[in-house]
Amino acid sequence: MPNTRPSPRPAVSVIIPSYNCEKYIAQTLQGVIEQTFTDWELIVVDDSSSDRTVALCTDVDPRIRVISQPNAGVCAARNRGYRESMGEFVCFLDHDDYWLPEKLSLQMAWMARRPEFGMVYSNCLYWRRVDGEFPMPSEVAPAAADDLLDASHTGWVYHQFMIDSCALTSSALIRREALEKVGLFDESLAYSEDWDLFLRLSRHYQFAQMNWTSTLYRQHDRQGSRVARPTDFRCDLLLKAQSEWGLAGPDGTAVDADRFRQLI
């Protein structure tokens, strides 16, 4: 049996912002509990749910804490969780996504080998309903885990993130020192707040992308990415980055200017 007693200072802090997610939150928590890497704490920051979300997160595992706050949005909830956390490494897991068991152990191994990596993330699988129900994770998971990296998206990747936000927030593991250096989620942003954070991180740290799929990205009508927005936050974000930092990353590799203009 793995040791499930809370560590005085856990290696990894997992932060879940939650809001009215009673349908999925128990399965999300179970994906963390079943990690082969066990030195973690999990902080659920509930953003004033009116359903059974808080009850489903309470007294589940001694490494899980639940914090309730007045409704302030996902960025404020993530930032609150970070301020309450103690881990040297941090993950921001959405309340409806799911981790496969080897996620943390493989990412932590790369962080130990490569101290220049500020963030290690993996592929994700779009988790869709089949005949009205989400398949069990074991039914859609890759056959085997591996720790190989995608060389094309490993290293200095600012120029690639100026084309697309290549990382799913739920799949990333970030060094605490990197977050301390660049700051947390911008609570003034209603959308693309994760992309904004990744761009700031990529100005100071190298990233690594694992080939393996560690995270199931649940697709349903209530997820935030499906909400219609009155403003093109993506365009505003990229123009701001271009104005502040230009099109080239710290290593001098630049996004093609014509391709960038086509995105704006």
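Contact, in what follows, means heavy atoms within 4.5 Å. With that in hand, good morning. The structure before us is a predicted model, and I shall begin with one helix in it. Helix H4, residues 103-113, lies across S1, S2, S4, S5, S6, S7 and S8. Its direction makes an angle of about 155° with that of S6.

What do these strands form? They belong to an open sheet of eight strands with mixed pairing. Read across, the order is S3-S2-S1-S4-S7-S6-S8-S5. Strand S3, residues 64-68, and S5 are the edge strands, each pairing on one side only. A second helix, H1, lies across S1, S2, S3, S5, S6 and S8, and runs at about 165° to S2.

Let us now turn to strand S4, residues 89-92. On one side, S4 is joined to strand S1, residues 12-18, by four bridges, and the two strands run parallel. Val 12 has Phe 89 as its bridge partner in S4, and Val 14 is partnered there by Cys 91. S4 also pairs with strand S7, residues 173-175, this time in the antiparallel sense and over two bridges. In that pairing, Ile 174 of S7 is the bridge partner of Val 90.

Are the faces of S4 covered or open? Both are covered. Phe 89 and Cys 91 lie on one side, Val 90 and Phe 92 on the other, and all of these residues are buried.

This brings us to the interior. In soluble globular proteins, nonpolar side chains tend to be buried together. In this model, the largest nonpolar core has 36 residues. Which residues touch the most other members? They are Val 12, Val 14, Ile 16, Leu 29, Leu 42, Leu 104 and Leu 173. Several elements supply at least two residues each to this core, including S1, helix H1 (25-33), strand S2 (40-46) and strand S8 (206-218). The greatest contribution, five residues, comes from H4, the helix with which I began. Apart from this core lies another, of 33 residues, among them Ile 15, Tyr 82, Phe 92 and Ala 241.

Leu 29 offers a view of such packing at the level of one residue. Leaving aside residues up to four places away in sequence, Leu 29 touches Ile 16, Leu 42, Val 44, Leu 56, Cys 57, Val 60 and Ile 64.

Next, please find Tyr 121, in strand S6. Why is Tyr 121 classed as buried? Its relative accessible area is 0%, and the class requires a value under 20%. With residues up to four places away in sequence again left out, the neighbours that Tyr 121 touches include Gln 107, His 153, Phe 161, Cys 166, Phe 207 and Met 210. Gln 209 is also one of the residues touched, and the side chains of Tyr 121 and Gln 209 make a polar contact at 2.9 Å. Tyr 121 and Thr 213 are 92 residues apart in sequence, yet their C-alpha atoms are 9.5 Å apart in space.

I come now to two residues in loops. Most residues other than glycine have a negative phi. Asn 20, in the loop between S1 and H1, has instead a positive phi, near 45°. Its relative accessibility is 14%, so Asn 20 counts as buried. What does the side chain of Asn 20 reach at 2.6 Å? The answer is the backbone nitrogen of Ser 50. A polar atom of the same side chain of Asn 20 lies 3.3 Å from the backbone nitrogen of Asp 51.

The other residue is Asp 131, in the loop between S6 and helix H5 (137-140). Asp 131 also has a positive phi, of about 55°, although it is not a glycine. Is Asp 131 buried or exposed? It counts as exposed, because its relative accessibility is 78%.

Finally, the cysteines. How many disulfides are there? The count comes to zero. For Cys 21, the nearest cysteine sulfur is that of Cys 57, 8.6 Å away. Cys 21 is nonetheless buried, with a relative accessible area of 4%. Why does Cys 75 form no bond with Cys 21? The sulfur of Cys 21 is the closest cysteine sulfur to that of Cys 75, but at 17 Å it is too far for a bond. Cys 75 is buried as well, at 5% relative accessible area.

Thank you for your attention.

Terms used
Residues are numbered from 1 along each chain as its sequence is written. This is a predicted model: local features need pLDDT of at least 70, side-chain atom pairs count only at pLDDT 80 or more; totals for chains, interfaces and linings use all residues. Side-chain values use heavy atoms; hydrogens and water are left out. Buried means under 20% relative accessible area, exposed over 50%, partly exposed in between (1.4 Å probe, protein chains only). Two strands pair if DSSP finds at least two bridges between them. A nonpolar core is a set of buried Ala, Val, Leu, Ile, Met, Phe, Trp, Tyr and Cys residues joined through side-chain atoms within 4.5 Å. A polar contact is a pair of N or O atoms within 3.5 Å; within protein, one must be able to donate a hydrogen and the other to accept it, and residues adjacent in sequence count only if both atoms are side-chain atoms. Axes are lines fitted to C-alpha atoms, for helices over the stretch in contact, and angles run from 0 to 180 degrees between N-to-C directions. A disulfide is a pair of cysteine sulfur atoms within 2.5 Å.
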